[in-house]
Amino acid sequence: MQMIECTTCAGSGILADNKGWEYTCSDCFGDGKINPNHEPRSTKAQSGNEDNQLKN
Ligand SMILES: [Zn+2]
């Protein structure tokens, strides 16, 4: 199985937003590589954003 470099994170497996927060790439799940045979354009909605409230 051939893996290609994840273009989302440039192969690092880590994404950083403009506030400097780093988090695991959601496309390659931190591997830095993706399987080209796997259709990446999944439209699965990610749940779990309910904990987004500001504390304090
Ligand atoms: Zn990635």
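**Close-up 1. Ala10, sitting in the loop between strand S1 (4–5) and strand S2 (14–16).** This is a predicted model, and the first stop is a loop residue with a backbone angle worth a look. Phi of Ala10 comes out near 60 degrees, a positive value in a residue that isn't glycine. Is Ala10 buried or exposed? Ala10 is exposed, because just 12 other C-beta atoms fall within 10 Å, and the cut-off for exposed is 12 or fewer.

**Close-up 2. Phe29, in the loop between S3 and S4.** Here's another positive phi: Phe29 has a value near 60 degrees, and Phe29 is not a glycine either. Phe29 counts as exposed because there are 11 C-beta neighbours inside 10 Å. So this aromatic side chain belongs to a residue in the exposed class.

**Close-up 3. Asp31, part of the loop that links strand S3 (22–24) to strand S4 (33–34).** How many C-beta neighbours does Asp31 have inside 10 Å? The count is 15, so Asp31 lands in the partly exposed class, the one between the limits of 12 and 20. For a distance to check in your viewer, try Asp31 to Glu5: their C-alpha atoms are 9.1 Å apart, with the two positions 26 residues apart along the chain.

**Close-up 4. Lys33, a strand S4 residue, and its contacts.** Which residues does Lys33 touch once neighbours within four places in sequence are left aside? The list reads Met3, Ile4, Glu5, Cys6, Gly11 and Cys28. Lys33 and Thr7 make a handy pair for the ruler too, with 8.5 Å between their C-alpha atoms and a separation of 26 residues along the chain. As for exposure, Lys33 has 14 other C-beta atoms within 10 Å, which means Lys33 is partly exposed.

**Close-up 5. Ala16, in strand S2, and the residues it touches.** Setting aside residues up to four places away in sequence, Ala16 is in contact with Trp21 and Glu22. Even with those contacts, Ala16 counts as exposed, because 11 C-beta neighbours lie inside 10 Å. On confidence, strand S2 has the lowest mean pLDDT among the elements of the chain, at 93.

**Close-up 6. Tyr23, in strand S3.** Tyr23 has 11 C-beta neighbours inside 10 Å, so Tyr23 goes down as exposed. What is the C-alpha separation between Tyr23 and Gly13? The two atoms are 8.6 Å apart, and the residues are 10 positions apart along the chain. Strand S3 has the highest mean pLDDT of the elements, at 95.

**Close-up 7. Pulling back to the whole chain, an all-strand pattern of β-β-β-β along the sequence.** The tally is 0 helices and 4 strands. Of the 56 residues, 7% count as buried. Take the contacts between residues at least 6 apart in sequence: 28% of them join residues at least 24 apart. How confident is the predictor, and what is the chain's average pLDDT? The average is 81, and 66% of the residues score at least 70. Where pLDDT is low, the predicted coordinates shouldn't be read in detail.

Technical notes
Residues are numbered from 1 along each chain as its sequence is written. This is a predicted model: local features need pLDDT of at least 70, side-chain atom pairs count only at pLDDT 80 or more; totals for chains, interfaces and linings use all residues. Helices (H or I, at least four residues) and strands (E, at least two) are DSSP runs, numbered from the N terminus. Two residues are in contact if their C-beta atoms, placed from the backbone, lie within 7 Å. pLDDT is the predictor's confidence in each residue, from 0 to 100.
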